[in-house]
Every structure is written in structure tokens, then in C-alpha cells.
Amino acid sequence: LKVVVDDKVVLDRRLAGGEEVDVAGHDRVELYMAATQDARVEYNGNLIVPQGRQDVPRRLVFIDDLDY
């Protein structure tokens, strides 16, 4: 898992099973995953369910669009 928060890499490593990571950003949060079938992603308390194939590399991007 690689996590980029507001243009800074805050995590770039393999997570152990059951391990959780909490991050907070002001403008943008990006998640890069080898696959999503074994991952659970929550955004502002809501479970995010990526669509399509879950066994391929994925990038999920969350932005604050209230300022645009």
C-alpha cells in the first residue's frame, strides 16, 4: 500500500493482515494498491467499494472539491 496525502508520501509498505492505517488530508488522499480484494477502505465513515476487477493494481483518489 502506498498512501499519498496532500502530495506527500506518508506510507509505502506491505501491510500485515488485519492491520489498519488511518490518514487525514486537507486537499487530497491517494491510495495505490496491488489489488483491492483483501482491502477495506473507509472515507469519512463510509465504506468504499471499488468497482470492476479487484485483482489488479488500483489507485483510489479522494479530493476535497468544496474549494473548486
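## Strands from end to end

Helices (H or I, at least four residues) and strands (E, at least two) are DSSP runs, numbered from the N terminus. Read along the sequence with that in mind, the protein shows the pattern β-β-β-β-β-β: six strands and zero helices.

A few words on how to read this report. This is a predicted model, in which local features need pLDDT of at least 70 and side-chain atom pairs count only at pLDDT 80 or more, while totals for chains, interfaces and linings use all residues. Residues are numbered from 1 along each chain as its sequence is written, and side-chain values use heavy atoms, with hydrogens and water left out.

## Overall shape

The C-alpha atoms fill a box of roughly 35 × 25 × 20 Å, taken along the principal axes. The radius of gyration, taken over C-alpha atoms, is 12 Å, which agrees with the value near 11 Å for a compact globule of 68 residues. That globule rule is 2.2 Å times the number of residues to the power 0.38.

Contact means heavy atoms within 4.5 Å. Among contacts between residues at least 6 apart in sequence, 42% join residues at least 24 apart.

## Surface and interior

The protein exposes about 5400 Å², and carbon and sulfur atoms supply 47% of it. Accessible areas come from the Shrake-Rupley method with a 1.4 Å probe; for residues, only the protein chains shown count as cover. A residue is buried under 20% relative accessible area, exposed over 50%, and partly exposed in between (1.4 Å probe, protein chains only). Buried residues make up 21% of the 68 residues.

Which residues make up the largest nonpolar core? A nonpolar core is a set of buried Ala, Val, Leu, Ile, Met, Phe, Trp, Tyr and Cys residues joined through side-chain atoms within 4.5 Å. Here the largest one has nine residues: Val-3, Val-5, Leu-11, Val-29, Leu-31, Met-33, Val-41, Leu-60 and Phe-62. Strand 1, strand 3 (28-33) and strand 6 each supply at least two of these residues, and strand 3 gives the most, with three. Take Leu-60 as a guide: leaving aside neighbours within four places in sequence, Leu-60 is in contact with Val-29, Glu-30, Leu-31, Met-33, Val-41 and Pro-50.

## Two rings side by side

Rings of Phe, Tyr and Trp (its six-membered ring) pair if their centres lie within 6.5 Å; planes under 30 degrees apart count as stacked, over 60 as edge-to-face and the rest as tilted. By this rule there is one aromatic pair. Tyr-43 and Phe-62 form this pair, stacked at 4.6 Å centre to centre with 20° between the planes. The pair links distant parts of the chain, with Tyr-43 in strand 4 (residues 41-43) and Phe-62 in strand 6 (residues 58-63), 19 residues apart.

Are these two residues buried or exposed? Tyr-43 is partly exposed because its relative accessible area is 31%, whereas Phe-62 counts as buried because its relative accessibility is 13%.

## Lys-2 and its surroundings

Lys-2 lies in strand 1 (residues 2-5) and is partly exposed, with a relative accessible area of 30%. Where does its charged end sit? The charged end of Lys-2 is over the ring of Tyr-32, 5.7 Å from the ring centre. A charge sits over a ring if NZ of Lys or CZ of Arg is within 6 Å of the ring centre and within 35 degrees of the ring normal.

Leaving aside neighbours within four places in sequence, Lys-2 is in contact with Val-9, Leu-11, Asp-12, Glu-30, Leu-31 and Tyr-32. The C-alpha atoms of Lys-2 and Arg-59 are separated by 9.4 Å, with their positions 57 residues apart along the chain counted as the distance apart.

## A tour of the loops

Asp-6 is found in the loop between strand 1 and strand 2. Although Asp-6 is not a glycine, its phi is positive, about 45°, and at 27% relative accessibility Asp-6 counts as partly exposed. Asn-44, in the loop between strand 4 and strand 5 (46-48), also has a positive phi in a residue other than glycine, near 50°. Asn-44 counts as exposed, at 67% relative accessibility.

Arg-14 lies in the loop between strand 2 (8-12) and strand 3 and is exposed at 78% relative accessibility. Arg-14 and Ala-34 are 20 residues apart in sequence and 9.7 Å apart in space, C-alpha to C-alpha. Gln-51, in the loop between strand 5 and strand 6, is exposed too, at 63%. The C-alpha atoms of Gln-51 and Asp-7, 44 residues apart along the chain, are separated by 25 Å.
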